[in-house]
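Let's take a walk through this structure together, one region at a time. Keep the 3D view open as you read.

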Amino acid sequence: MIGAAPQRHRVLALAWLLFVAVLGMHQWYLWRAPNFVTDVSELLPHQSDAVLEEATARLLSAAATQWVVLVGSDDWSVAQRAARTVLETIDPARHKLQSTADGSMPEALLLRVRAARGALIAGASREWLKRAPDAEIADRALQNLVQPVGDGLSSWREDPLGLLGEWVRERAQGSRLRPRDGWLWLEDAGTQWIALPFAESASGLTAWNAGTNSRLLASARKSVADKGYDARILAAGTSLLAEAAAKRASLEISIIGTGSLIAVILLTWATFGSLRPILLVTLSLTIGCAAALSITELIFGRVHLLTTVFGASLIGVAEDYGIHYFAARQGTELDRRWEQMRHISPGLWLALATSGIAYLALGLAPLPGLRQIAVFSCVGLTAAFLTVLCWFPWLDRKPLPVTRFAEVFARSLDRWPRWSRNWKWPVSAVAILALLLTGLLRLQSVDDVRQLQNAPPQLLAEQLAVGRILGLTSPAQMFLASGKSQESLLRNEEALAARLDTLVRNARIIGYQATSEWVPSEARQSENSGLAMKAQRIAWRAMLAATGEKIDMEPVAPQPLDYSAFDSAGGGRLPVSMWQDGKGDYHSLILLRGVVRDSVEGLARAAEGLEGIRWVDNTQRYSTVLSTYRIRLSALLVVGTLGVMLLLHWRYGPRAWRAYLPTLLGGIVTLAVFGWLNTPVQIFVVLSLILLLGMGIDYGIFMLEHPGERSVWLAVAIAGISTLLAFGLLALSTTPALRAFGLGILVGETSTWLLTPLFRPNPPAQAGQ
Amino acid sequence: MKMLPCLVLITTMVQSAEVPRTELLHQLSQPVVLRGNFAQQRQIVGFRRPVQSTGRFVVVRGTGLLWHTLRPFESMLTVNRQKLSMSSGPGLSNTTTLDATKEPMLRTLNSLLQGMVVADLPELQAQFDVEVRPSGVTDWVMTLQPKQAALRSRFVSIELAGGKYVQSVRLQEQTGDVTIVRFTDQMEDDHLTDVEVGQLR
């Protein structure tokens, strides 16, 4: 029997076996240490600007390994007991607990700062020194003279006004946390909070399958509740978000994957009533998915979790080829299977090509995540197709009788209505189009990067609450300062800081964090020194008048603080930094606290006309990118549609409209449904339409390739149902973007699938079947 | 197995060393309100003679302190749970206030100032490791060590001495300044005047 196989097939089958063997080895290597990425930002386009890229990377790498738990109660002793319970559960050995966030300065830095006494003056003190009359300055100095204790930083003669103490206190405002009974404490609206900041050694972003911290946190919450402490627990951190994303993603992968697989198996079983088609179709899917994963990993280095979620829906598409083969084989003689394969393969190739083109079009968007998805899907489809082409006739060695189910199903085509030229059809078509128009007119669009975020709302709410309570800086909006030298960078920062101070006074933002607050520019430091020395002389004279004590009245000039001294004394515990780029320019970030929607406009304006200051709004920037590409992809969709129409005209001539019209209508129905549901159209809906173009047309192609063949209808029907299930399940995803995508495909495919047989050509002659 | 009793013994010893020998303080009076006079000598680096100041104090147990300097010029220091404020100038019109919820060190400083005048053990122990020992001159001597690591370097030593009342306090700061305060004419009371209530608010 095998002798009937052409020589060419034997070579192909062996070549494919070789590929699968290599693939198996790579898979074994891959799964020993899975390395999936969950960070949403990796899906987003890379910064076109190297400086901005560096800035973002610095911000992210600092945040990636840290997370914090807040334990709060109205009663301080309850808060302490609850915090102790939490700590015992999460970090009994206290390896991860960070206790240095209490706003105090490292000892080495304090030493260095003391030498710069006079050059470092808090903003409020500067204002006061500039306007205060001599008598007021004298009063304040004398008042300090008779206090039981000084500020611990300077003796009275060095700093009679306690200016350095004021400056150190101002720096401590960067953290709201204060030490209390050995805890990091803060009071917020009557609640006593204890902060437990943790730092992980490895990046939380790649430890996707660990989920350890979320588990520890859950059991800590439980112990606190079990002990009956009336305490609130809030947790925040990139690693927790990553864990939650990973957990959800793996859940979705198993739901979508298992759901589609079960659907495929059940349909295959019902249709063919034999184990062999099930095993072989599953084999083609397994090889398809494995190849997709391996090649994606080889090309991109790391696979994003969203890719695999999306990839799970591939099962519903890649099974088409195997089903088509068996549908064609069913009820025919075993010996004719090579011939059958040759008979159906042109259609399969064309279907693969249109699907592949559609998936590749996804990759044209500048989103690295979509490129992965495109590569993943193309490879998966191709590998599944090649498995069918190269192996199925070899492995399929028994007759496949027609089942009753298949018989009944295939016959349903005969009863399906068919477009004809009588008056009823055009009239109802016009009515339906008018109805669709009501939906289309309500269409809106949205471009929001948060659509890619899939963290549970509870976790996001806690992140916001923790950010507000701790007064953390915003990761989304900031200023980027630049300068040719450290001095010009710091001066540029100071020019901005003056404007930001106004915004703080007007309560538009709570505060900001800038390097120049810690290391003022030389110009500012020498101005400060002048103010301090003048005040010092006033204080000394007042003291002489009040006590008669003659002291050495020779002022000591401060030793200015420069950035490198500051940086080395800080010992890695500093909240601010600057860096130098390849061209030798210096850059720093000015981070903001308490940014709300209303303050963004004022902030953006603050940068206007300032040299070396850029307003960075990541949310806005990503949304702009998404919007640009939504429009470009829409154009691409139109061009692609025209291209496919031309391709079909080339092969089918005047009958081509029967292949593409159902898909065009399906797309229109999809948009109308989005309009009716008041769901705004976003880039992922456009992408779903592109994919619809690639896949929906397959049905038309099969129907045109083999007019009147019931087996083709059977294959189209089964393929359609399983595709629908796969993408329908995607519509259950918690990631808004994937959900919109799933919904788009679900509606588009359903309508295309229902419409396709409507436009099927008349059978060539009633004789055939 | 023999290790266990040994360990228990060691831990008990360690613990007992940490507990201040409060029995030495048995005759210390603990009124709700205590008033009195103070005389302060502050030896400041670079000064030939110490800066002398005198005035009156009012301390309310667990609540706050009024430190009213009268000579060489008038100045008022007010300490309570929430803040520390200093007033000076004509009619005490020139005031600076520090908020205890914002200043990292202020809680410790406030506890020290309130606690040192009356040797308020619970108040002091919240922020300091307290050690009490007998003394030849006075009935007892108390030394304080800040619990907060960042503050430990700020004070070289803090020492209180007294009998029924605290008689003197000696504070030596890292900056080299040394303050010695002597208290006299203590009077016990159980309530504040309306003016004092207003000042302490």
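The paragraphs below go from chain A as a whole to a pair of its helices, then to the contact between the chains, and finally to some details of chain B.

One thing to keep in mind from the start is that this is a predicted model. Begin with chain A, whose secondary structure comes to 27 helices and 12 strands. If you rotate the chain onto its principal axes, its C-alpha atoms fill a box of roughly 125 × 55 × 50 Å. The radius of gyration tells a related story: chain A has 35 Å, whereas a compact globule of 769 residues would have a value near 27 Å. Of those 769 residues, 48% count as buried. Look also at how contacts within chain A are spread along the sequence: among those between residues at least 6 apart, 83% join residues at least 24 apart.

For a close-up of helix packing, find helix 11 (residues 305–312) and helix 14 (residues 368–395) of chain A. Their axes lie 9 Å apart and make an angle of about 35°, and the crossing is right-handed. On the helix 11 side, the residues that meet helix 14 of chain A are A:L306, A:T307, A:F310 and A:G311. Helix 14 of chain A answers with A:G369, A:Q372, A:I373, A:F376, A:S377 and A:G380. What classes of residue make up this contact? Six are polar, four are nonpolar and none is charged.

Now zoom out to see where the two chains meet. Here 32 residues of chain A are in contact with 38 residues of chain B. On the chain A side, at least two residues each come from helix 6 (134–145), helix 7 (163–172), strand 3 (178–180) and helix 20 (522–547). Helix 6 of chain A gives the most, with six residues. By class, this side of chain A has 12 charged, 10 polar and 10 nonpolar residues.

Moving over to chain B, follow the chain through three of its strands. Strand 9 (residues 155–162) runs antiparallel to strand 10 (residues 166–173), and seven bridges join the two. A hairpin of three residues leads from strand 9 of chain B to strand 10 of chain B. Strand 10 of chain B is in turn joined by five bridges to strand 11 (residues 178–189) of chain B, again in an antiparallel arrangement. B:R170 is a handy landmark here: B:E159 stands opposite B:R170, and in strand 11 of chain B the bridge partner of B:R170 is B:I180. The hairpin between strands 10 and 11 of chain B has four residues between the strands, and in it B:G176 takes a positive phi near 105°.

Some backbone details of chain B deserve a look too. In the loop between strand 3 (64–71) and strand 4 (75–80) of chain B you will find B:P72, which is joined to B:R71 by a cis peptide bond with omega of about 5°. Further along, B:L92 has a positive phi near 50° though it is not a glycine, and it sits in the loop between strand 5 (83–88) and strand 6 (94–99) of chain B. B:A119, another residue other than glycine, also has a positive phi near 50°; its place is the loop between helix 2 (106–118) and helix 3 (121–127) of chain B. Is each of these two residues buried or partly exposed? B:L92 counts as partly exposed because it has 16 C-beta neighbours inside 10 Å, while B:A119 is buried, with 22 other C-beta atoms within 10 Å.

Key: Residues numbered from 1 in each chain as written. Chains lettered and ligands numbered in written order. Predicted model: local features only at pLDDT ≥ 70, side-chain atom pairs only at ≥ 80, totals over all residues. Contact = placed C-beta atoms within 7 Å. Nonpolar A, V, L, I, M, F, W, Y, C, P; charged D, E, K, R; others polar. Rg over C-alpha atoms; globule rule 2.2 N^0.38 Å. Buried ≥ 20, exposed ≤ 12 C-beta atoms within 10 Å, placed from the backbone. Pairing = 2+ DSSP bridges. Axes fitted to C-alpha atoms, helices over the stretch in contact; angles between N-to-C directions. Left-handed = near helix turned anticlockwise from the far one by under 90°.
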